[in-house]
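Subject: Structure handover

Hello,

Here is the structure you are taking over. My notes on what was found in it follow below.

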Amino acid sequence: MVLVGTRRGCGQSNSYLDSRAGRYACLGMNALTFDAPRSVRVTAVPEPVISSPGDAIVRVELSAICGSDLHVYRGAEAGLDRGTVLGHEFAGEVLAHGAQH
């Protein structure tokens, strides 16, 4: 499993100093989630954790909705529950990984 997301804007009390970037970075993250046909939301979600040897945590830099998710987004098919995170086609930086990698 790969856990993905992007950092959301925050105040200094909800942040940490990212020494690589030389600036504050936020705790917590946002994800693009399915709400209903033709409706998606940016939703605050919990920070991911490595829970299995094959897991990886990736800081997402670019993402897209999968073609199969577009059918559900357009209302042509059912299959996604409200709150399902979209954007499993992405590119980014691996921040952490399980022992299997």
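A residue is called buried here if its relative accessible area is under 20%, exposed if that value is over 50%, and partly exposed in between. By that cut-off strand 4 is mostly covered, since six of its eight residues are buried. Please keep in mind throughout that this is a predicted model.

Overall layout

The chain holds one helix and seven strands. Read from the N terminus, the order of elements is β-β-β-β-β-β-α-β. Of its 101 residues, 26% count as buried. The exposed area of the chain is about 6,600 Å², and 54% of this comes from carbon and sulfur atoms. Among contacts with a separation of 6 or more, 58% are between residues 24 or more positions apart.

Strands 4 and 5

Strand 4 covers residues 29-36 and strand 5 covers residues 39-45; the two are paired in the antiparallel sense, with seven bridges. Together they make a hairpin with two residues between the strands. Arg38 lies in that turn and has a positive phi of about 65 degrees. Two of the facing positions are worth listing. Ala31 has Thr43 in strand 5 as its bridge partner, and Thr33 stands opposite Arg41, also in strand 5.

Thr33

Thr33 belongs to strand 4. Is Thr33 buried or exposed? Its relative accessibility is 5%, so Thr33 counts as buried. The side chain of Thr33 makes a polar contact with the side chain of Thr43, at 2.7 Å. Apart from neighbours within four places in sequence, the residues in contact with Thr33 are Val40, Arg41, Thr43, Gly83, Thr84, Val85 and Leu86.

Val40 and the nonpolar patch

Val40, one of the residues in contact with Thr33, is found in strand 5. With a relative accessible area of 32%, Val40 is partly exposed. Leu32, Val40 and Val42 form a nonpolar patch on the surface. The accessible area of these three residues together is about 220 Å².

Salt bridges

Side chains of opposite charge can pair when their charged atoms come close. How many salt bridges are there? The count comes to two.

One of them joins the side chains of Asp35 and Arg41, with 3.2 Å from N to O. The other salt bridge is between Arg82 and Asp35, where the closest N and O atoms are 2.6 Å apart. This second pair links distant parts of the chain: Asp35 sits in strand 4, while Arg82 sits in the loop between helix 1 (67-73) and strand 7, 47 residues apart. Asp35, Arg41 and Arg82 are thus linked in a network of salt bridges.

The three residues of the network fall into three accessibility classes:

- Asp35 has a relative accessible area of 13%, so it is buried.
- Arg41 has a relative accessible area of 44%, so it is partly exposed.
- Arg82 has a relative accessibility of 64%, so it counts as exposed.

Glu89 and strand 7

Glu89 is placed in strand 7, which spans residues 89-97. Its relative accessibility is 41%, so Glu89 counts as partly exposed. Which residues does Glu89 touch, not counting those up to four places away in sequence? They are Leu62, Ser63, Ala64 and Cys66. Glu89 and Leu62 are 27 residues apart along the chain, and their C-alpha atoms are separated by 8.6 Å.

In brief

For a first look at the model, I would begin with the hairpin of strand 4 and strand 5. Thr33 and its side-chain contact with Thr43 can be found there. After that, follow the network of salt bridges that links Asp35, Arg41 and Arg82. Glu89 in strand 7 can be viewed last.

Regards

Conventions:
Residues are numbered from 1 along each chain as its sequence is written. This is a predicted model: local features need pLDDT of at least 70, side-chain atom pairs count only at pLDDT 80 or more; totals for chains, interfaces and linings use all residues. Side-chain values use heavy atoms; hydrogens and water are left out. Two strands pair if DSSP finds at least two bridges between them. Helices (H or I, at least four residues) and strands (E, at least two) are DSSP runs, numbered from the N terminus. Buried means under 20% relative accessible area, exposed over 50%, partly exposed in between (1.4 Å probe, protein chains only). A polar contact is a pair of N or O atoms within 3.5 Å; within protein, one must be able to donate a hydrogen and the other to accept it, and residues adjacent in sequence count only if both atoms are side-chain atoms. Contact means heavy atoms within 4.5 Å. Accessible areas come from the Shrake-Rupley method with a 1.4 Å probe; for residues, only the protein chains shown count as cover. Patches are made of residues with over 30% relative accessible area and no salt bridge: like charges are joined within 9 Å, nonpolar side chains (Val, Leu, Ile, Met, Phe, Trp, Tyr) within 5 Å. A salt bridge is a side-chain nitrogen of Lys or Arg within 4 Å of a carboxyl oxygen of Asp or Glu.
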